[in-house]
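Reader: Could you take me through this one and show how each label is earned? I would like to see the value beside the rule.

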Amino acid sequence: MGLKLKIKTPQKKERAFSKRFTRSRFGNFMYFFFLTAAGLFSVLPLIYAVATSFKPIDELLIFPPTFFVKRPTIVNYLSLPNLLSNLEVPLSRYIFNSLFVTVVTTIIYIIISAMAAFVLSKATFRGRNLIFLVIQFALMFNAYTLAVPQYLIVSGIKIIDTYLVYILPQLAATLGVFLMKQYIEGYVPDALLEAASIDGAGYYRIFWQIVMPVIRPAWLTVTLFSFRDVWAAIPNGTIFSEELKTLPQIVTQITAGGIARTGSAMAVTVIMMIPPIIVYLVSQSNVVEAMSSAGIKG
Amino acid sequence: MRKNKHRGIESLKSRYGLMFIAPWFLGFILFFAIPIIQSLLFSLSDVSLNNDGLATKFVGLQHYRYALLQSGAYTQTLGTAVTSLLYQLPIIVLISMVLALILNQKFRGRTFFRALFFLPVIIATGIVMDILFMTTGSMSDSTVNESLSGNMFDVSDIAAFLDLPAGISDYVEKAISNIFDLIWSSGIQTVLFIAGLQSVPTSLYEASKVEGATKWEEFWFITFPSLSQVTLLVMIYTMVEQFTSSRNPMIDSMYTLMKGGNYDETSAVLWFYFALVGIIMGILIWAYNRFLVKRWS
């Protein structure tokens, strides 16, 4: 193909050029059309959720439901504290619990996984490949398979009804180790570590001052996923005290109240969407970079 | 593919290494390895609740036999799960590839659009997802859907007009009625494709430009073959995600079964399910490498 095209007359070239030009203009239109259509589809449910959270009760009951709100009201938000007043715990407590649990879990998870990823990618010991194989295998498993046995362990080590129920099981997740190991192998050369070691940096120093800054895109991405998962997690039958419950558990309680509670449920949902979005805005630019290393080994 | 052998730098003596890996490894053993073995044991025994907790009695493959041969419900749900994946997979791969191709170009507002398509990945988990899908209906007959696609065009009319075979028009109709679901499941795949596109050497494009290749040729002879590994990754990811999503009919029915206290049966069905998923994925990966990738390289 190449040879044939190489020997072209100037005339032909010009025509090819003009053809491409018009095509790309049409292409531009198609791009715009496709992006807008797909973009609409991806945000519409969100807009609908926000709109619904501002609907007064009579608009919520209209059938078929309307998309936009006609007379917006913030009554759904204002009534939230009252709705929960019979639960003896103020709404702020649930919000605090959610934030506390999510932030603490994510930080511990990142540090632990990064340390493991560092060792798995840079140290040699027997069974290293086996561990990595198991990690990939573990990525495939759904939480439901493990729910009951995990419950047995949680009750076995006597941490039921403590914050640890949220934190500890999450630490077994393997996505963080997987992503960060791939990233370290792609972006942290042995020579860099050797140089640091010759300059007298110890093990911890190398980890904190060299590895962690270099793999920043990877751990920011893992932060995003971890935050998202912990934020939405509902522990099964391991939390009983009302003052230890998190927002997702409240949402289930509110939705159990039927269709009249739709507005309140949407209001909590909208509140619940905000923190992950903030985390995303902070880590957003790094996601693509971190993902590119996920495919290194495929 | 990089296959570099790490000799490990001198300072990383195994003693320190062990210390570094220990916290994660402990958590992994305690909350993954032990539970997974336990659930395998559950699937092979009769589990009953008594005062001391759970009592197990080994019964061998009885639960597997029951679930597969005697109870027709599971095999039916399994069929639904597999067929729905078969129609989702190609569309998700197509949507995310096209999105990635567009989002990889330089244009104003690119960052905004990239963020837009990743948004569902961030917020659509667990309870938020359930609520969004519950209140907007099962999406196929939702308000949003009707006010958009329903008013703009009727799919079956178009299909009749174009005189398409029934199989294809069914497929298209199914895809359009689930368009939210499909676009919402394409976020991570799009990012993977963008990452893949960025790793294609620009020299290839420069060379093809010099030789006068059209955009179309550029796509088919450079971009598409270069993406073959990423495409495989995307396919694997999509399969894992769809098969283990809590909205998968199989997982959903298992969840209700588990809530009813039927731990042994649940474990058996789930183990069988994962084995089957593994086999299906294995076959697809093999077929992909055998029939598609070989041809390009």
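Author: Happy to; here are the domains, two helix packings and the confidence scores, in turn.

Author: This is a predicted model, in which local features need pLDDT of at least 70, side-chain atom pairs count only at pLDDT 80 or more, and totals for chains, interfaces and linings use all residues. Residues are numbered from 1 along each chain as its sequence is written, while chains are lettered from A and ligands numbered from 1 in the order in which they are written.

Reader: What makes helix 3 of chain B oblique to helix 13 of chain B?

Author: The axes of helix 3 (residues 72-103) and helix 13 (residues 228-244) of chain B come within 10 Å and cross at roughly 135 degrees. Angles under 35 degrees count as roughly parallel, over 145 as roughly antiparallel, 65 to 115 as roughly perpendicular and the rest as oblique. The crossing angle therefore makes helix 3 of chain B oblique to helix 13 of chain B. Axes are lines fitted to C-alpha atoms, for helices over the stretch in contact, and angles run from 0 to 180 degrees between N-to-C directions.

Reader: Which residues of helix 3 of chain B make the contact with helix 13 of chain B?

Author: Helix 3 of chain B contributes B:L85, B:Q88, B:L89, B:I92, B:V93 and B:S96. Among their partners on helix 13 of chain B are B:V234, B:M235 and B:F243. Contact here means C-beta atoms, placed from the backbone, within 7 Å. By class, this contact has 8 nonpolar, 5 polar and no charged residues.

Reader: How do helix 3 and helix 14 of chain B pack?

Author: Their angle is about 145 degrees and their axes are 8 Å apart, helix 14 of chain B being residues 249-259. B:T77, B:L78, B:T80 and B:A81 of helix 3 of chain B meet B:P249, B:M250 and B:S253 of helix 14 of chain B. The classes are 4 nonpolar, 3 polar and no charged residues.

Reader: Where does chain A divide into domains?

Author: Domain 1 of chain A covers 2-53 and domain 2 covers 77-294, with bounds from an automatic or database domain assignment. Between them, 4 residues of domain 1 are in contact with 6 residues of domain 2.

Reader: How confident is the predictor in chain A and chain B?

Author: On pLDDT, the predictor's confidence in each residue from 0 to 100, chain A has a mean of 77, with 83% of its residues at 70 or more. Chain B averages 75, and 73% of the residues score at least 70. Residues 136-154 of chain B stay under 50. The model scores ipTM 0.75 and pTM 0.78.

How values were computed
Two residues are in contact if their C-beta atoms, placed from the backbone, lie within 7 Å. Helices (H or I, at least four residues) and strands (E, at least two) are DSSP runs, numbered from the N terminus. Ala, Val, Leu, Ile, Met, Phe, Trp, Tyr, Cys and Pro count as nonpolar, Asp, Glu, Lys and Arg as charged, and the others, Gly among them, as polar.
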